[in-house]
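Please look over the sequence and the model shown here before reading on. The report is meant for someone meeting this structure without earlier knowledge of it.

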Amino acid sequence: MPKIAVFPGSFDPITIGHVDLVNRALPLFDKIMVAVGVNTSKHYLFPLEQRLEWLRTVFADEPRVEVDYFERLTADYCNRIGARYLLRGLRNASDFDYEKTISQLNHIIGDGIETIFLISQPGYSHISSTIVREIIKGGGDASPFLPENLVIEPPVEGLND
Ligand code: ADP
């Protein structure tokens, strides 16, 4: 059975921190499904289609990475596609506190799904989609935090959020 990991997230937008995590996890799995979790009560800066397109562009040359999205429970999505692993990154203690409970819950409701955590490299631990969004909204240059082939313009409707 192929070892499939789901890397769930908002990717609003994808950063070099996410890309580093996927590259470091590739030797551990046969396939990584980078999956945008759609939470209808959450407000995103970039539309789902745009976030998916960026993910597809970034991982276009890696046949073992696929891009998808899902609604509702992450554990249900994993079971649906036959993934027994979740991939998440840890940058600091607050990431850990937040992730710990979720991974325990996913283990129970996902019937034994294991979450594999990779500690971010020191050069990436300050990078988050949140700071990238703030830079973009403020009209700054977020390119140091974005994958090379990605140029992101602020969405007009997102500027006043
Ligand atoms: P979510 O809204 O689910 O937190 P994100 O897109 O912000 O989604 O993050 C998805 C995953 O990527 C999380 O596990 C997060 O910890 C991880 N991640 C984000 N940025 C980095 C980074 N710079 N280094 C390592 N992991 C990261």
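What follows describes the surroundings of the ligand, then the strands, and then the loop between β1 and α1.

The model is a predicted one, and the values below should be read with that in mind.

**The ligand and its shell**

The ligand occupies the space of the largest pocket, and the elements that each contribute two or more residues to the shell around the ligand are the strands β1 (4–9) and β4 (85–90) together with the helices α1 (16–25) and α4 (93–109). In total, 17 residues surround the ligand, and the closest are S10, F11, G89, Y124 and I127. Sorted by class, this shell is made up of six nonpolar, six polar and five charged residues.

Polar atoms of the ligand lie at short listed distances from atoms of S10, F11 and R91, as set out in the table.

| Ligand atom | Protein partner | Distance |
|---|---|---|
| oxygen | S10, N or O atom in the side chain | 2.7 Å |
| oxygen | F11, polar backbone atom | 3.0 Å |
| nitrogen | R91, N or O atom in the side chain | 3.2 Å |

Taken on its own, the ligand has 550 Å² of accessible area, and the protein covers 88% of that area.

**The strands**

Two of the elements that give residues to the shell, β1 and β4, are also paired with one another, in the parallel sense and over two bridges. Within this pairing, A5 stands opposite Y85 of β4. Strand β4 is in turn joined to β5, which spans residues 114–119, by six bridges, and these two strands likewise run parallel. Here Y85 appears again, since this residue of β4 stands opposite E114 in β5. Y85 can therefore serve as a reference point when tracing the strands: A5 is its partner on one pairing, and E114 its partner on the other.

**The loop between β1 and α1**

Which residue of the loop between β1 and α1 has a positive phi although it is not glycine? The residue is F11, whose phi is near 50° and whose place is in that loop. F11 is also among the closest residues to the ligand, and a polar atom of its backbone is 3.0 Å from an oxygen atom of the ligand.

The loop also holds P13, and the peptide bond leading from D12 to P13 is cis, with an omega near 5°. The loop between β1 and α1 thus contains both F11 and P13, while the two elements that flank this loop, β1 and α1, each give two or more residues to the shell around the ligand.

Definitions and conventions: Residues are numbered from 1 along each chain as its sequence is written. This is a predicted model: local features need pLDDT of at least 70, side-chain atom pairs count only at pLDDT 80 or more; totals for chains, interfaces and linings use all residues. Side-chain values use heavy atoms; hydrogens and water are left out. A residue is near a molecule or strand if one of its heavy atoms lies within 4 Å of it. A polar contact is a pair of N or O atoms within 3.5 Å; within protein, one must be able to donate a hydrogen and the other to accept it, and residues adjacent in sequence count only if both atoms are side-chain atoms. Accessible areas come from the Shrake-Rupley method with a 1.4 Å probe; for residues, only the protein chains shown count as cover. On a 1 Å grid over the protein atoms alone, a cavity is a set of points where a 1.4 Å probe fits but cannot get out, and a pocket is an open set with protein on both sides within 12 Å along at least five of seven lines; lining residues have an atom within 4 Å of a point. A molecule sits in a cavity or pocket if more than half of its atoms lie within 2 Å of its grid points. Helices (H or I, at least four residues) and strands (E, at least two) are DSSP runs, numbered from the N terminus. Ala, Val, Leu, Ile, Met, Phe, Trp, Tyr, Cys and Pro count as nonpolar, Asp, Glu, Lys and Arg as charged, and the others, Gly among them, as polar. Two strands pair if DSSP finds at least two bridges between them.
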